[in-house]
Amino acid sequence: MKKSKFYFIVFFIACLFSKTKAQEVIATSGNHYENNKIQISWTLGEPVIETLSNENSTLTQGFHQSKLIVTAINEVSVPGFNITAYPNPTSDILKVEVKNVSGQDLIYTLYSPDGRMLVQKQMESDISEIPMYNYVSATYFLKVSSSNTVLKTFKIVKR
């Protein structure tokens, strides 16, 4: 009887101090779908973590990480040089405006929340317009660069 109490106490203490180091889900199915207006993710547990993608779509099975937090966006400081993107948040047209630039070839690149490049174009005037109405509501990243140097990165919210 004393041995069983001893083992019970040891087991109880071991359970008390044990920690879970990662999230775990046992699943039978899960998926993520996205089109121009909607994106949906669902899970019936998750035995496998996998992401498949091609140039048009991304399919993710596994731990859903719906909140993306950017801790730092580095930008190059150039005196007399100003880049703005507005309106932000946007639902229709995003405008990128560059002021006080002489003779520099600037390129803007729009990235999806999962890091895929959606649009890359050379800026031909001081104000460029990017149609956003075809994209789902999410947070996108817009980089403005000159000769492989990123000048400014914007966090764009599409409603």
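In this predicted model, F141 sits across from K155, which belongs to β11. That pairing is a handy way into the β10/β11 ladder, where the two strands run antiparallel and are joined by nine bridges. If you want to find the strands by number, β10 covers 138-146 and β11 covers 149-158.

**The four-stranded sheet**

Zoom out from that ladder and you get an open, antiparallel sheet of four strands, ordered β8-β7-β10-β11. β8 and β11 are the edge strands; each has a single partner, so one side of each has no neighbour in the sheet. Going from one strand to the next, the twist averages 15 degrees.

**The three-stranded sheet**

There is also an open sheet of three strands, again antiparallel, in the order β5-β6-β9. Here β5 (82-86) and β9 take the edges, and because each has just a single partner strand, one side of each is left without a neighbour in the sheet. The twist in this sheet averages 15 degrees from one strand to the next.

β5 and β6 run antiparallel and are held by five bridges, with I83 partnered by V98 of β6. Strand β6 (residues 93-99) also pairs with β9, antiparallel, through five bridges. In that ladder, I93 has P131 of β9 as its bridge partner.

Here are the pairings side by side:

| Strand pair | Sense | Bridges | Example pair |
|---|---|---|---|
| β5 and β6 | antiparallel | five bridges | I83 and V98 |
| β6 and β9 | antiparallel | five bridges | I93 and P131 |
| β10 and β11 | antiparallel | nine bridges | F141 and K155 |

**Two cis prolines between β5 and β6**

The loop that links β5 to β6 holds P87, and P89 lies there too. Both are worth a look in the viewer. Y86 and P87 are joined by a cis peptide bond with omega at about -15 degrees. A cis bond also joins N88 and P89, this time with omega at about 10 degrees.

**β9 and its two faces**

What does each face of β9 carry? The covered face has S128 and I130, while I127, E129 and P131 make up the uncovered one. S128, a β9 residue, counts as buried because its relative accessibility is 9%, and the cut-off for buried is under 20%. Leaving aside residues up to four places away in sequence, S128 touches L94, K95, V96, Y108 and M123.

**M132, just past the strand**

Step off the end of β9 (127-131) and you land on M132, in the loop that leads to β10. Is M132 buried or exposed? It is buried, with a relative accessible area of 0%. Its contacts, again not counting residues up to four places away in sequence, are T90, S91, D92, L94, L110, Y140, I156 and K158. Take L94 from that list: M132 and L94 are 38 residues apart in sequence, yet their C-alpha atoms are 6.6 Å apart. L94 turns up among the contacts of S128 as well.

**The second largest pocket**

β9 also matters when you look at the second largest pocket, which holds about 170 Å³ of space. There are 14 lining residues, and Y108, K121, E129, I130 and P131 are the closest to the centre. Which strand gives the largest share of the lining? That would be β9, with four residues. β8 (117-122) and β9 each put in at least two. Sorted by class, the lining has seven nonpolar, four polar and three charged residues.

Some of these names have come up already. E129 and P131, from the uncovered face of β9, and I130, from the covered face, are among the residues closest to the pocket centre. Y108, also in that central group, is one of the contacts of S128.

**The chain as a whole**

Overall, the chain has eleven strands and one helix. The helix comes at the N-terminal end of the order, with the strands following: α-β-β-β-β-β-β-β-β-β-β-β. Of the 159 residues, 26% are buried. As for contacts between residues at least 6 apart in sequence, 48% of them link residues at least 24 apart.

Definitions and conventions: Residues are numbered from 1 along each chain as its sequence is written. This is a predicted model: local features need pLDDT of at least 70, side-chain atom pairs count only at pLDDT 80 or more; totals for chains, interfaces and linings use all residues. Side-chain values use heavy atoms; hydrogens and water are left out. Buried means under 20% relative accessible area, exposed over 50%, partly exposed in between (1.4 Å probe, protein chains only). Contact means heavy atoms within 4.5 Å. On a 1 Å grid over the protein atoms alone, a cavity is a set of points where a 1.4 Å probe fits but cannot get out, and a pocket is an open set with protein on both sides within 12 Å along at least five of seven lines; lining residues have an atom within 4 Å of a point. Grid points are joined across faces, edges and corners, and a volume is the space filled by probe spheres set on the points. Ala, Val, Leu, Ile, Met, Phe, Trp, Tyr, Cys and Pro count as nonpolar, Asp, Glu, Lys and Arg as charged, and the others, Gly among them, as polar. Two strands pair if DSSP finds at least two bridges between them. Axes are lines fitted to C-alpha atoms, for helices over the stretch in contact, and angles run from 0 to 180 degrees between N-to-C directions.
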